[in-house]
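Subject: Structure handover

Hello,

Here is the structure I promised to pass on. Please open it alongside this note, so that you can follow the residue numbers.

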Amino acid sequence: TVYLTETFYISSKKNTVFEVRLTDKGLCLKKQSNGSTKEQTIPLKDIIGCRCLRSKRRSRGSSSCTCASISNSNALKVVEENSGEQDETDVSAYLYIYAYILKRNRRGGFRERTTITLRFRSFDRYEDNNREAQKWRAAVKYLIAGEPVQKLTYQPRDPRKMLIILNPKSGSGKAREMFQQRVAPIFAESEILYDLHITKRSNWAREFVRQRDVYLWRGIVVVGGDGIFFEVLNGLFEREDWQTAIEELPIGIVPCGSGNGLAKTVSFLYEEPFETKPVLAAALMVVKGKHSMLDVVRVETRSNIMFSFLSVGWGLISDIDIESERLRAIGGQRFTVWSVHRLISLRTYHGKVSYLPALPSQLNGSANGASGHYSNGGGGGGGPGRSGAIGTLKHSVSYNTTLNCRDCRHDTTGSCDACDTNFSDVLSLETGMNLDSFRPRIDSWYSATSRKSTYFSTVDSVYESDKASNDDDSGSRAAGGANGTGGPIVQMYGPPSRLPALTAALPDTWTTIAGEFVMVHAAYQTHLSTDCYFATQS
């Protein structure tokens with residue numbers, strides 16, 4: 001089905017004509033030059049968004065319309081329509097279409113950023129040209145959203161913003177820079193509004209989603225490791241309306257941690273190239289709304305109840321995860337280094353494991369004897385949870401990846417350099433095949449109210465960091481309250497357990513193994529980390 005078609009020209013090349021067609025398959029570009037014809041189709045699944053902009057300074061050229069990639073129009077600068085910096089003498093309307101085309105190679109593949117610029121100037125008035133550009137924009141938006149093309153202007157089905165919670169201490173501590181350079185521009189290109197909150201201490205995200213009206217947002221995206229996702233998931237289960245929250249709020253993740261098992265699992269499910277650019281892969285899945293079902297497992301100890309999304313266990317893997325925290329500065333390689341150390345000085349643990357054997361009919365199916373099965377539609381990243389270790393959670397640094405800042409715990413001015421949440425004014429984005437090289441953005445990054453590039457997806461987005469969360473007393477109460485060591489008592493809701501209580505006798509159908517164990521680990525996602533393909537049948 002062909003929805004729109006138009007002929008465009010390239011002012012710098014004579015006898016070159018582009019026929020551009022928008023179909024239910026994608027954007028078709030048919031180039032005719034000196035008798036030769038070339039055709040390319042950009043699939044809809046690779047297009048993440050489009051924006052209508054105006055030129056900042058007068059463009060040269062006398063063609064009625066032009067079609068050019070952004071790399072060939074470096075002289076062009078564009079701004080928002082009502083920015084106050086637009087060139088009133090230029091009646092052209094510019095439509096920027098952003099796509100990340102999947103390219104396959106021997107190592108799996110990669111995403112190549114492509115920007116198509118369509119310049120509309122067939123009419124003498126900007127309003128008429130903008131009407132044509134808006135018609136194309138609306139059609140593209142409706143098609144990539146999977147909705148029927150019905151109006152000349154696009155209105156999103158859900159106008160609410162996205163809630164983004166960023167953990168600046170995750171991984172090697174570069175989550176801020178990664179979001180600034182690689183995630184925020186993709187949200188801007190997709191025209192997704194968001195509110196950004198920076199965590200200040202451990203369990204900050206858990207308290208935030210438990211106490212706030214989370215229905216103000218249409219979804220939650222965590223930027224960090226699996227630990228910050230664990231906090232958000234358990235914070236939702238600590239709400240009285242947990243079932244409504246879980247059903248209505250998709251949860252996505254952008255991997256900036258050390259292991260990133262959840263993000264790798266989701267990309268593996270969708271066959272998305274991950275190893276070379278994991279942040280880019282996850283951000284694209286978020287804005288495209290890719291999501292999946294997940295198993296959430298209820299874990300009970302004698303003092304705690306928690307919900308796990310990745311794995312649960314004790315022994316070797318848990319030791320590596322927790323003890324390698326001292327090597328956090330080196331990123332994901334800390335697991336490899338500490339694995340060698342732990343294997344050289346191998347430990348064993350005396351314990352008892354009881355389990356219910358799967359029936360033969362369940363071996364090829366989705367047996368789920370001990371877990372609650374929940375669907376968590378993702379605004380991009382599905383949403384299983386973090387591994388649940390046996391013991392008191394508040395003492396396990398593998399879950400609490402954000403730490404109190406020693407420099408500002410007594411500072412009431414909010415001017416601590418160590419916790420400064422402001423970012424530089426110069427922003428860059430990967431472009432082309434070499435995504436490690438950056439260039440200044442010249443298209444959709446500039447705010448309508450500021451000459452400087454801002455950290456918001458649009459004018460209406462909010463960047464927020466709660467100063468009150470720096471307070472040491474409130475932090476200690478919140479961290480201890482959930483575990484019964486002081487402060488308000490937090491009740492864990494969520495689905496009830498299907499298993500016998502820890503103090504109850506087990507049925508005869510269960511099998512028990514007692515002895516010395518190197519490790520016991522149960523996983524319900526395919527990957528425990530980026531390079532650890534653990535459970536192939538998950």
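My findings follow, from the whole chain down to single residues.

Overall picture

Please keep in mind that this is a predicted model. The chain has 538 residues, and 51% of them are buried. Its secondary structure comprises ten helices and 26 strands. Contacts with a sequence separation of 6 or more were sorted by range, and residues 24 or more positions apart account for 71% of them. The accessible surface is about 25800 Å². Carbon and sulfur atoms contribute 50% of that surface.

Helix pairs

Three helix pairs are worth a look. Two packed helices are described by the angle between their axes and the distance between the axes.

Start with H2 (residues 175-190) and H7 (residues 278-288). Their axes lie 10 Å apart, at an angle of about 25 degrees. At that angle, under the 35 degrees cut-off, H2 counts as roughly parallel to H7. The crossing of H2 past H7 is right-handed. On the H2 side, the residues that meet H7 are Met 178, Arg 182, Val 183, Ile 186, Phe 187 and Ser 190. H7 brings Val 279, Leu 280, Ala 283, Leu 284, Val 286 and Val 287.

Next, H3 (residues 204-211) and H4 (residues 226-237). Here the axes are 7 Å apart and the angle is about 30 degrees. That again makes the pair roughly parallel, H3 to H4. H3 passes H4 with a right-handed crossing. From H3, the contact uses Trp 204, Ala 205, Arg 206, Val 209 and Arg 210. From H4, it uses Ile 228, Phe 230, Glu 231, Val 232, Asn 234, Gly 235 and Leu 236.

H3 deserves a second look. Why is H3 described as largely enclosed by the rest of the structure? Seven of its eight residues are buried, so the label follows. The buried ones are Trp 204, Ala 205, Arg 206, Glu 207, Phe 208, Val 209 and Arg 210. Note that charged residue names appear in that list: Arg 206, Glu 207 and Arg 210 are buried in H3.

The third pair is H8 with H9 (residues 333-344). Their axes come within 9 Å and cross at roughly 125 degrees. That makes H8 oblique to H9. The crossing is right-handed. H8 makes the contact through Leu 316, Asp 319, Ile 320, Asp 321 and Glu 323. The H9 residues involved are Arg 334, Phe 335, Trp 338, Ser 339, Arg 342 and Leu 343.

Two serines

Stay with H8 for a moment. Ser 318 sits in this helix, which spans residues 316-323. Is Ser 318 buried or exposed? Its relative accessibility is 13%, so Ser 318 counts as buried; the cut-off is under 20%. Leaving aside residues up to four places away in sequence, Ser 318 touches Gly 313 and His 521. Met 519 is 201 residues from Ser 318 along the chain, yet their C-alpha atoms are separated by 8.3 Å.

Ser 308 is the other serine to check. Ser 308 belongs to strand S15 (residues 305-308). Its relative accessible area is 0%, so Ser 308 is buried. Which side chain makes a polar contact with the side chain of Ser 308? The partner is Tyr 524, at 2.4 Å. A polar atom of the Ser 308 side chain also lies 3.1 Å from the backbone oxygen of Ser 311.

Positive phi values

Most residues other than glycine have a negative phi. Two residues here are worth inspecting on that count.

Asn 34 has a positive phi, near 50 degrees. Asn 34 lies in the loop between strand S3 (26-33) and strand S4 (36-43). With 63% relative accessibility, Asn 34 counts as exposed.

Glu 271 is not a glycine either, and its phi is about 55 degrees, again positive. The loop that holds Glu 271 runs between helix H6 (261-269) and H7. Glu 271 counts as exposed, at 59% relative accessibility.

Over to you.

Best wishes

Definitions and conventions
Residues are numbered from 1 along each chain as its sequence is written. This is a predicted model: local features need pLDDT of at least 70, side-chain atom pairs count only at pLDDT 80 or more; totals for chains, interfaces and linings use all residues. Side-chain values use heavy atoms; hydrogens and water are left out. Helices (H or I, at least four residues) and strands (E, at least two) are DSSP runs, numbered from the N terminus. Buried means under 20% relative accessible area, exposed over 50%, partly exposed in between (1.4 Å probe, protein chains only). Contact means heavy atoms within 4.5 Å. A polar contact is a pair of N or O atoms within 3.5 Å; within protein, one must be able to donate a hydrogen and the other to accept it, and residues adjacent in sequence count only if both atoms are side-chain atoms. Accessible areas come from the Shrake-Rupley method with a 1.4 Å probe; for residues, only the protein chains shown count as cover. Axes are lines fitted to C-alpha atoms, for helices over the stretch in contact, and angles run from 0 to 180 degrees between N-to-C directions. Angles under 35 degrees count as roughly parallel, over 145 as roughly antiparallel, 65 to 115 as roughly perpendicular and the rest as oblique. A crossing is left-handed if the near helix is turned anticlockwise from the far one by less than a right angle, and right-handed if clockwise.
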